[in-house]
Amino acid sequence: MTQPPVAPGASRPAKPPRRRRRAELILVALGLLLSILSMGGFTLVMNEIDTATFEEVVMPALVGGSAEVSVAQAEEMARTLAAWFGVSLVVMLLLSAAGIATARSRPHRRTAGWWFLAAGLVCLLGSQLILFPIAFLFFLAAGLFVLRPTPERSPR
């Protein structure tokens with residue numbers, strides 16, 4: 001699409017300043033770091049721990065004082081939770097990477113906010129509502145894409 005000719009002596013309107021979306025990207029980076037430390041840390045620990053250590057260190061924290069659950073059942077539940085955390089973490093990292101790429105290439109669009117909303121939902125549901133403070137960071141970043149419009153182009 002070509003621009004209409006400018007009359008002699010008149011100047012073209014200046015482009016609006018480009019918004020960097022720094023606050024949103026910092027919130028997402030913080031959410032990713034905390035997710036990697038918590039979900040990834042639990043997954044790593046559960047994949048590397050032996051049964052004796054699990055029984056004396058991890059099982060009391062997971063099951064509590066309940067004697068109704070055997071060590072084998074508790075270990076199976078913890079390894080299943082660790083696998084669920086690991087898969088959720090990978091999906092969340094992929095969604096966040098797509099959102100970061102979109103936010104850096106097209107900061108005027110709200111599309112990245114949808115990616116971060118999806119990453120927050122994966123964090124919330126993938127951690128079985130345990131990591132709601134971390135998911136809130138993703139939701140906050142998504143909300144800032146809606147509340148902080150940029151002067152460039154359309155707000156879609």
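Helices (H or I, at least four residues) and strands (E, at least two) are DSSP runs, numbered from the N terminus. The model is predicted: local features need pLDDT of at least 70, side-chain atom pairs count only at pLDDT 80 or more, and totals for chains, interfaces and linings use all residues. Residues are numbered from 1 along each chain as its sequence is written, and side-chain values use heavy atoms, with hydrogens and water left out.

**Exercise 1. State how many helices and strands the protein has, and describe its burial and surface.**

Solution.
- Start with the elements. The protein has 5 helices and 0 strands. From the N terminus, the order reads α-α-α-α-α.
- Next, burial. Buried means under 20% relative accessible area, exposed over 50%, partly exposed in between (1.4 Å probe, protein chains only). Of the 156 residues, 35% are buried.
- Then the surface. Its accessible area is about 9900 Å² (Shrake-Rupley method, 1.4 Å probe). Carbon and sulfur atoms hold 67% of that area.
- Last, contacts, meaning heavy atoms within 4.5 Å. Among contacts with a separation of 6 or more, 71% join residues 24 or more positions apart.

**Exercise 2. Check the span of helix H4, then find its buried residues and what covers them.**

Solution.
- H4 covers residues 111-126, 16 residues in total. The expected span is 1.5 Å times one less than the number of residues. That gives 22 Å, and the end C-alpha atoms are 22 Å apart, so the two values agree.
- Now list the buried positions of H4: Ala112, Gly113, Phe116, Ala119, Gly120, Cys123, Leu124 and Gly126.
- Their cover includes H1 (22-48), H3 (71-105) and H5 (132-147).

**Exercise 3. Describe how H1 and H5 pack.**

Solution.
- Take the axes: lines fitted to C-alpha atoms, for helices over the stretch in contact, with angles from 0 to 180 degrees between N-to-C directions. The H1 and H5 axes come within 8 Å and cross at roughly 160°.
- Classify the angle. H1 is therefore roughly antiparallel to H5 (over 145 degrees).
- Name the contact residues. H1 supplies Ala23, Glu24, Leu27, Val28, Leu30, Gly31, Leu32, Leu34, Ser35 and Ser38. H5 supplies Ile134, Leu137, Phe138, Leu140, Ala141, Leu144 and Phe145.
- Add the hand. The crossing is left-handed (the near helix is turned anticlockwise from the far one by less than a right angle).

**Exercise 4. Examine phi and accessibility at glutamine 128 and leucine 129.**

Solution.
- Recall the background. Most residues other than glycine have a negative phi.
- Glutamine 128 lies in the loop between H4 and H5, just after H4. Its phi is near 55°, a positive value. Glutamine 128 has a relative accessible area of 48%, so it is partly exposed.
- Leucine 129 is in the loop between H4 and H5. Its phi is near 70°, also positive. Leucine 129 has 53% relative accessibility, so it counts as exposed.

**Exercise 5. Place leucine 93 and glutamate 75, and give their contacts beyond four places in sequence.**

Solution.
- Leucine 93 sits in H3. Its relative accessible area is 33%, so leucine 93 is partly exposed.
- Setting aside residues up to four places away, leucine 93 touches Leu32 and Ile36.
- Check one distance. The C-alpha atoms of leucine 93 and valine 122 are separated by 9.8 Å, with their positions 29 residues apart along the chain.
- Glutamate 75 is in H3. At 11% relative accessibility, glutamate 75 is buried. Outside four places in sequence, glutamate 75 contacts Thr51 and Phe54.

Technical notes:
Parallel < 35°, antiparallel > 145°, perpendicular 65-115°, else oblique.
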